[in-house]
Structure formats: C-alpha cells, structure tokens
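Please find below my notes on the model, set out as numbered points for reading alongside the coordinates. They begin with the smaller details of strand pairing and then move on to other parts of the assembly.

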Amino acid sequence: MVAALDRAWASPAGTHAEGRFASDVASAARASVAKSLGCQPEGIYFTSGVGSALERAVTGLGERPWALAATERLAALSTTAERHTIVGVDSQGALDLEGFRAAAQPNLGIVVQSANPELGTPQPVESLLAMTRAHGGVLVVDHSLFMPWATPPAEWDVLVLEANSWGGPPGVGVLAARASANYRFPDPEGVDSSPPVALQAAAAAALEDCLARSPQTARQEWGSRLLDGAAAELAALPNVEVYRAPGAWAPVLTLSCLYVSGMQVVQELDRRGIAVGSGSACVASAFEPSHVLAAIGGFTGGNVRVSLGLDEHEATEAVQALLRALPEVLAELREDEWNKPS
Amino acid sequence: MEQAELDERGRLCPEPIIALAQAAKAAERGDRLVLLTDDPGAKPDVIAWCRMTGATLIDQSEQPDHLRSTIEF
C-alpha cells in the first residue's frame, strides 16, 4: 500500500518501468477485489464513483429495454431514460414485483439496489434475477451502500460498489461483471474514467481489511438493532415520521420532521458535533427533494438521513447523541419558525 | 363551508406547510383551502401532510408556474 502510494504515480498504460509497476499494482488491486467478491479479476473495473460505475454498467451491456424502480439512483434512471419502464414502490420502499412482471420482455435489463437506499428495505433480488434469466436479460445489482453490512446477492450479471462505504478512499467505484454477461467496459479513447492506481490499491486493501475485521452478518446485527431502537424512539417525537420497515438493513435510517427546514436541522445538529445528511430540497445541490421519499409518499421537508459508521462503539455513541439532541433542536427551530412574521 | 385561498408562491419549505398548518388550526371541519406553491418539495409534502394530519387532498394540479392544491380539513 505504501509502495503503491509512493511509486504507482505513472499511467499503467506506460511501457517504462514506472508504468509497468503501476500496471502491476492495478492488476493486484483487481485480483484482490475479485477474491473478496468471489469472481474473476478480468471482470473488475474501477471507476470514479458509483454514478459512473452505474452509467458504464448500463452502456456496457448494449442496447436493450430496461426496467427499474423509481427509487434507483439518478445515474441509473437517467442512463436508461431512453428505453426504460419505471416501476413503483410501496410505502415501505419495497419494489412492486408485479410491475416488473408487467414490464418483462426479451433481453430486458434490470437495475436494482439490493435494498432501498434511504429505508434499508431489502429488495427481492432473486425474483428479479429469475425474471431476467427467463427472458435472456441481464441484472445489474447496485450494492454500493450495503457492502460492509450485507453480503451481495449470490447471483448477478454486473455488481456495482463504492469504496468509501467500506472505509476505502472517496472517488472510487467498482464494477464487477460476470463473463456470462458479455459485458464490454465503455471507455472511449482519451477519456480515462478510472481513479488513480494508488486509490484502486487503497480501495482493494480496505475491502479486504473490512471483511476480515468483522463478517457482514455480525455488523448487520448490531447495526440494524441500533437503528431499530433509534427508529422506535424517534417515532415517538411529535410531528416526526420515521421511515423504517421491520427487517430493514443497516446502515441507513431516514426521518422527516414537520415545520422545520432540513437545512436548519442539519446545521443545528452539526453545531452539536453530529453529522447527518438530508433529502430535503433546501439541502440538495439540485434543489430537488429526495426522489426516494417522494416515491414512497413520504414527507421530504425537515428530512434527516442517518448513516452509521463501521465502528460499533462510535456509531452507538453518535446515535445516542442524535437521540439526545434532536428533540431540543426541533423544539427550538419550531419555536422560531412558528413565530416568524409572514 | 368556506373556501379560502393561501398564496405561498415565492416561499420555501417549511414556510408553505407551516402556513397550511396554521390555516388548518383556524379552520372548521369541512372547510376547504386552495394552496398555491412553487416550492420544489410542495407536491410530495402537501400529499404527505394530508395523510399525516387526516386532512383530505381534494385535488392537486400543476399550473404553468405553480402547484395548486385543494385541501379539505
């Protein structure tokens, strides 16, 4: 790893000694990730992030019709936009299998996150796989949020991951393609989408380390127990709606608070040392509310997204701090908002 | 039964929903309110607010530059 950071600065395409060294480091990173995932190194590609991995997953599988849930990542929705059917989800974030059945046709491609990205609701990936198999299609599984918390489904054609979910560097997406998928990585000449080789090596080492430190099942057990407990406590707060179904996966939990701004809640929690995200329009860079919450019929204002870190002790302390701080933050902000002159 | 109009165009979340809640507080059961908004979160949020508070969303329609929601308390 240190050697990689120190010496793997050259382009792996270079024919000089430094280029060959960088190429060896990149090959070792691919082999390491392949071993962690139980697939072939030839099918491993690094990209600049999960969005770019999804975009390349779709375009590298060729022209075909697509079906995907309304709650998929915007990168998946936009890349398939010319030929996609959007399928609904229920109020718990579970996708509508009947909607997929209705969209089934020869050569169909499906993109699915293994669980809902905000609610953690696991999706019926096996049923979707059977559907694509029956129609000569392909299944792209986006497991990017959940890799350290749940083993990826056993079968997929293309799997998409993101290194910072397992403590790797930011800006590294991973795309794994099975040979049977006839996948071709689209990388037009002159457009290098891959992250620096040193970051690829760091991502691969962090994945090995994460999986060696604790099995995903153990992490899932404490993570979902912690979030289930927090969800019950938060749901008791007045004018707060918590979106978490029984059996939902860690590490995500989302809730919306009436009569406050999502931006102000994030800022007030940040002042107290608690870092949360938000799907409210006022926080989003595109000024659009969370399409995931809108799809489940949730309230998008005053939204708080909780995502656990990988250390159980630190994650537990952070959640407890949130539970202590949020009632006070909401009371203060609501007082201000209600008394604001119109 | 009264039908008032609340023009919240130009105001961002959470203001339109707070104004809606304040109007609900002052309303009689069965009163209707037409709410005009252009906040990007208003469409899902008016639907969710009605569900959460027991109000009825009679109609919601996109106008060229705003959203028009009719709510019965």
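1. Leu35(B) stands opposite Ser69(B), a residue of β4(B), and this pairing belongs to a ladder in which strand β2 (residues 32-37) of chain B is joined to strand β4 (residues 67-72) of chain B by 6 bridges, with the two strands running antiparallel. Please keep in mind throughout that this is a predicted model.

2. The strand β4(B) also pairs with strand β3 (residues 56-62) of chain B, again in the antiparallel sense and over 6 bridges. Within that pairing Glu62(B) stands opposite Leu67(B) of β4(B), and the two strands form a hairpin that has 4 residues between them.

3. Turning to chain A, there is an open sheet of 7 strands with mixed pairing, and its order is β1-β7-β6-β5-β4-β2-β3. The edges are formed by β1 (44-47) and β3 (84-87) of chain A, each of which pairs on one side only, while the twist from one strand to the next averages 20°. Against this sheet packs helix α2 (residues 17-37) of chain A, which touches β1, β6 (158-162) and β7 (173-177) of chain A and whose direction makes about 115° with that of β1(A).

4. Inside the same sheet of chain A, strand β2 (residues 66-69) and strand β4 (residues 109-113) run parallel and are joined by 3 bridges. One residue pair can be picked out here, since Ala67(A) has Ile110(A) of β4(A) as its bridge partner.

5. How many of the residues of helix α3 (residues 50-59) of chain A are buried? The helix is mostly covered, with 7 of its 10 residues buried, and these are Val50(A), Ser52(A), Ala53(A), Leu54(A), Arg56(A), Ala57(A) and Val58(A).

6. The contact between the chains deserves a point of its own. It takes 21 residues from chain A and 18 residues from chain B, and the two chains bury about 1600 Å² between them, of which 69% is on carbon and sulfur atoms. On the side of chain B, the residues that lose the most area to chain A are Ile18(B), Pro40(B) and Met52(B), which together account for 29% of what that side buries.

7. Which side chains meet in a salt bridge between the chains? The count between chain B and chain A is 1 salt bridge, in which the side chains of Glu241(A) and Arg51(B) meet at 2.8 Å, N to O. Across this interface there are also 5 residue pairs in polar contact, counting pairs with both residues at pLDDT 80 or more. The elements that give two or more residues to the side of chain B touching chain A are α1 (15-26) and α2 (42-53) of chain B, and α2(B) gives the most, with 7 residues.

8. Finally, is Ser278(A) buried or exposed? This residue lies in the loop between α9 (262-271) and α10 (291-296) of chain A, and Ser278(A) counts as buried because its relative accessibility is 9%, where buried means under 20%. The side chain of Ser278(A) reaches the backbone nitrogen of Ser280(A) at 3.1 Å and the backbone oxygen of Asn303(A) at 2.7 Å. Leaving aside residues up to four places away in sequence, Ser278(A) touches Gly262(A), Val266(A), Val283(A), Asn303(A) and Arg305(A).

Definitions and conventions
Residues numbered from 1 in each chain as written. Chains lettered and ligands numbered in written order. Predicted model: local features only at pLDDT ≥ 70, side-chain atom pairs only at ≥ 80, totals over all residues. Heavy atoms only, no water. Pairing = 2+ DSSP bridges. Axes fitted to C-alpha atoms, helices over the stretch in contact; angles between N-to-C directions. Contact = heavy atoms within 4.5 Å. Buried < 20%, exposed > 50% of the residue type's maximum accessible area, 1.4 Å probe, protein only. Buried area = accessible area lost by both parts, 1.4 Å probe. Salt bridge = Lys/Arg side-chain N within 4 Å of Asp/Glu carboxyl O. Polar contact = N/O pair within 3.5 Å; in protein donor to acceptor, adjacent residues only side chain to side chain.
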